[in-house]
Amino acid sequence: MSNKKGSREHLGVSDDQVYVADKPLEETRSSKGETGSVDLMKDNKTPSEMLYKLYNHVLHNLNNANFHKEERVKYYQEAWQYYLCQRPLYNVTNLATVQNKDVETVETESNAPVAPIIRDINESVMPSLLNVFCENENKAVVYRATNKFVTTRVADAVNNTINEIFLRQNDGYKLLQDAFLDALVTGNGFSKQSIQEVRHEDEIEIIDWMEINNPVLLEALEEYPDTDLSVLEMKEEKPTEEEQELAMELMGEELQPVVYVKGLLPLLRVEDRVVIERVPFGELYVDPDVYEIEDARYITQRHRMTVGEACDMGFDPTILESASTIDTLGETTTSNKKILTQHQHTNEDDNIVSTIDPIERPIYVYETYMYSSALNNEGKSVLYQIFHTENELLSVCEADCIPYCNGKPENITGSFWGHSMHDKYRHIQDHVTRANKIEIEAAIGQVFPRYEVVKGSVELREMLNWKPSGVVQTQLPGSINPIYSGDVPATFKEVTQRLIEDASKGEGKAAGLGLENSLNNVAASTVAFAVQNAELKDKTIAKSFANTLIKPMFEQIYKLIRDNDLPLKVGEGEEPITGKQLPKRCEFHVDINTANDDARISGQLMNVLANEADRKDTLMDAQQRYNVYEHMLNSSGVVGVDKYLTNPETNQPSEEEVLKQELTEAYNAQMAAIAKEKGIADLNLTAIKITEVENNIKVANSELAIKAVESGSKEAEAAVEGAYKATELELRKDAAKLDAQMTYDTGQQQSVAGFPS
């Protein structure tokens with residue numbers, strides 16, 4: 001019986017039957033084509049003569065790029081020697097000693113103290129650069145969707161995933177530190193972004209026979225879905241006839257055999273992961289006719305590895321047998337191995353390699369990205385990813401892009417190479433070191449001067465005896481006169497000081513002590529302006545790195561996520577998002593604000609909040625106020641602002657609360673409708689009463705008028721008129737009460753007929 005890898009239908013062990021082996025989690029990586037495309041050497045469709053033509057093209061380009069690189073090697077070596085304070089070299093002559101009464105003058109060569117101008121500038125700029133891009137543990141860059149169909153949720157997932165890949169999975173801080181140092185010293189820092197298969201391995205041991213479908217094994221296989229179950233011992237137990245009859249009677253179907261397993265089970269999970277790596281200058285061979293790396297028609301990276309490591313990448317072992325063994329340190333002309341041991345670069349030292357174990361034999365494997373039409377039937381140039389040794393092809397796959405970035409501290413128009421600190425400040429380090437040498441030799445000339453001696457008046461042997469409290473016998477008093485060297489001119493020292501000040505302008509000034517001391521008792525706004533101006537140099541370099549290294553790097557990471565359909569990081573319980581859901585076009589915003597910039601912005605936002613609190617007509621809602629506070633906390637380095645603030649956008653009522661609110665609103669609406677109906681009924685009743693009052697007024701008026709006419713006397717008319725007015729007053733009071741009642745019932749001002757309101 002066989003099981004497929006990752007099968008979950010024939011699994012199961014109990015807790016007391018499983019022993020987790022005492023073996024640490026293993027993680028290994030293997031290379032993979034940029035898009036996982038088919039290897040054209042294995043599809044049996046590509047003629048060998050076409051592959052041979054392609055390989056000749058590869059070797060031609062590699063040799064051409066190597067000649068171009070050799071022109072840069074001398075500069076590369078010199079730049080590192082200046083950074084390590086090994087250049088310039090000036091000799092200081094030591095005085096001779098007397099041994100066994102024989103005069104022997106010995107000159108030993110030693111370096112004068114080299115002024116660490118370039119090293120100090122690099123070390124002052126580096127912390128500011130790292131703070132700009134890595135101070136925030138959550139986000140090094142911000143993804144901005146240019147497609148209106150990309151929702152905020154998808155954009156947040158891209159942000160979280162890409163920064164997770166860079167900052168944590170690939171240790172972005174260390175990566176940028178190495179790349180920035182390379183670029184500051186030599187002018188260029190290279191990185192590579194690619195997809196690699198990562199294998200996570202562990203193992204468990206099932207000691208006793210146990211039934212499959214145990215939750216423990218199911219959980220283990222869910223975490224390690226690429227596990228091969230066929231390595232376990234298996235046995236089946238079929239149900240008895242009585243059990244089958246009972247099953248048919250109760251369930252209407254037969255029971256399946258029960259599978260049991262035991263043994264040591266290696267667990268495996270294979271996943272595609274974006275890997276970012278720094279590429280040393282010595283391992284890269286670039287098309288010499290381009291200014292930007294993305295415009296190169298070919299580029300090659302050299303990998304030093306063993307035959308066994310190359311076999312693990314899936315290459316044919318028979319082809320690897322023909323690869324030449326590395327028997328010289330050929331890469332040392334562009335590495336710091338020798339510069340830190342022998343203070344020089346060399347490629348002439350023999351490297352004794354053992355051939356006892358052929359699997360551990362070191363070889364070079366070259367990875368080339370090249371445009372070629374050699375394999376295209378339509379004659380169109382296609383970008384290929386080609387692995388090869390110095391004499392054989394290993395694999396050929398189509399690629400989507402050249403996966404390298406070239407960071408530069410300062411860009412030179414029309415040049416592939418950047419402008420380094422060595423280019424800018426080498427002459428200052430030369431002069432200041434020469435000035436140090438002159439001052440040292442002047443001081444030595446003062447302490448150990450030359451002497452004018454009358455010939456024959458003193459023994460030369462005694463003059464060369466420099467022991468403390470020594471005695472020199474002379475035949476002529478005053479015959480020994482010291483000759484002191486001259487002092488270093490003040491103007492020379494002034495020139496040197498000016499050069500040192502010029503060099504200090506290139507140093508990083510973020511919160512520097514000298515700046516702090518020069519701004520005591522100064523207004524806060526003036527301090528902020530001065531700090532901002534002092535950081536302009538750091539920002540200029542940071543902006544160049546953002547455009548040449550950081551932004552292209554993250555755009556390539558985004559492309560790898562999309563093209564390989566990698567899962568994005570979403571919140572717990574949220575619907576998953578994969579790379580295929582992302583648009584092709586992307587745009588990243590790289591923030592180059594320093595800590596002082598963030599502090600200034602936070603200060604301005606505090607002023608906005610203070611002004612908003614004093615306004616009667618508020619301009620900010622709860623979400624906008626939350627955004628302000630969130631920005632201020634993030635700028636101060638606080639991680640997890642949700643511990644301190646409640647986001648109105650996410651603080652939405654639950655389904656139960658929404659239902660309760662809807663029921664409450666429905667109840668209130670129903671009660672309002674009932675009250676309205678009652679009000680209308682009361683209004684009708686009031687109108688009837690008003691009509692009755694109007695009729696009573698008319699009847700009273702008629703009766704009074706009749707009595708006045710019948711009496712015919714003025715006294716009777718006056719009495720009638722008085723009675724009429726009294727009756728009218730009483731009726732007005734009744735009408736006013738009815739009018740007030742109607743106003744209360746309807747909420748509107750009414751007027752009773754016959755009586756103005």
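How many bridges pair strand β11 (residues 362–372) with β12, and in which sense do the two strands run? There are 7 of them, and the pairing is antiparallel. Keep in mind that this is a predicted model. The protein chain has 757 residues, of which 39% are buried, and its secondary structure comes to 18 helices and 17 strands. Taking contacts with a separation of 6 or more, 74% are between residues 24 or more positions apart.

**Strand β12 and its neighbours**

- β12 covers residues 382–388, and 7 of its 7 residues are buried, so the strand is largely enclosed by the rest of the structure.
- Side chains in a regular strand alternate between the two faces of the sheet.
- Here, Val382, Tyr384, Ile386 and His388 point one way, while Leu383, Gln385 and Phe387 point the other way, and all are buried.
- On the β11 side, Ser372 sits opposite Val382 of β12.
- β12 also runs antiparallel to strand β13 (residues 393–398), with 5 bridges joining the two.
- His388 is the residue that stands opposite Leu393 in β13.
- β12 and β13 make a hairpin, and 4 residues lie between the strands.

**Nonpolar cores**

- The largest nonpolar core holds 53 residues, and the ones with the most contacts inside it are Phe133, Leu176, Phe180, Val274, Met553 and Ile561.
- Elements giving two or more residues to this core are the helices α2 (117–134), α3 (152–169), α4 (172–186), α9, α11 (490–504) and α14 (536–563), plus strand β8 (258–279).
- Which element gives the most to this core? That's α14, with 12 residues.
- Leaving aside residues up to four places away in sequence, Val274 touches Ile165, Asn170, Ser194, Ile195, Ile557, Leu560, Ile561 and Leu566.
- Another core, of 22 residues, lies apart from the largest one, and its members include Phe190, Val279, Val290 and Tyr404.

**Salt bridges**

- Side chains of opposite charge can pair when their charged atoms come close.
- The count for this model comes to 17 salt bridges.
- Glu292 and Lys408 make one of them, at 3.9 Å from N to O.
- Glu292 lies in the loop between β9 (284–286) and β10 (298–306), and Lys408 in the loop between β14 (404–407) and α9 (421–447), so this pair ties together parts that are 116 residues apart in sequence.
- Is each partner buried or exposed, going by accessible area? Glu292 is partly exposed, with a relative accessible area of 28%, whereas Lys408 is buried, at 0% relative accessibility.
- Arg119 and Asp120 also meet through their side chains in a salt bridge, again given as 3.9 Å from N to O.
- Arg119 counts as partly exposed because its relative accessible area, 31%, falls between the 20% and 50% cut-offs.
- Asp120 is partly exposed too, at 31% relative accessibility.
- Out in the open, Lys380 and Glu378 are both exposed, and they form a salt bridge whose closest N and O atoms are 3.6 Å apart.
- Shared partners link salt bridges into one network made up of Asp400, Lys559, Arg562 and Asp563.

**Helix α1**

- Helix α1 (residues 48–83) has 36 residues and spans 49 Å between its first and last C-alpha, which is close to the expected 52 Å.
- Where does α1 bend? The bend is at Arg72 and comes to about 35°.
- Cys85, just after α1, has a positive phi of about 60°.

**Tyr626 in helix α16**

- Tyr626 is found in α16, the helix spanning residues 622–635.
- Tyr626 counts as buried because its relative accessible area, 6%, is under the 20% cut-off.
- The C-alpha atoms of Tyr626 and Asn647 are separated by 6.4 Å, although the two residues are 21 residues apart along the chain.

Key
Residues are numbered from 1 along each chain as its sequence is written. This is a predicted model: local features need pLDDT of at least 70, side-chain atom pairs count only at pLDDT 80 or more; totals for chains, interfaces and linings use all residues. Side-chain values use heavy atoms; hydrogens and water are left out. A salt bridge is a side-chain nitrogen of Lys or Arg within 4 Å of a carboxyl oxygen of Asp or Glu. Buried means under 20% relative accessible area, exposed over 50%, partly exposed in between (1.4 Å probe, protein chains only). The expected span of a helix is 1.5 Å times one less than its number of residues. The bend at a residue is the angle between axes fitted to the seven residues ending there and the seven starting there. Two strands pair if DSSP finds at least two bridges between them. A nonpolar core is a set of buried Ala, Val, Leu, Ile, Met, Phe, Trp, Tyr and Cys residues joined through side-chain atoms within 4.5 Å. Contact means heavy atoms within 4.5 Å.
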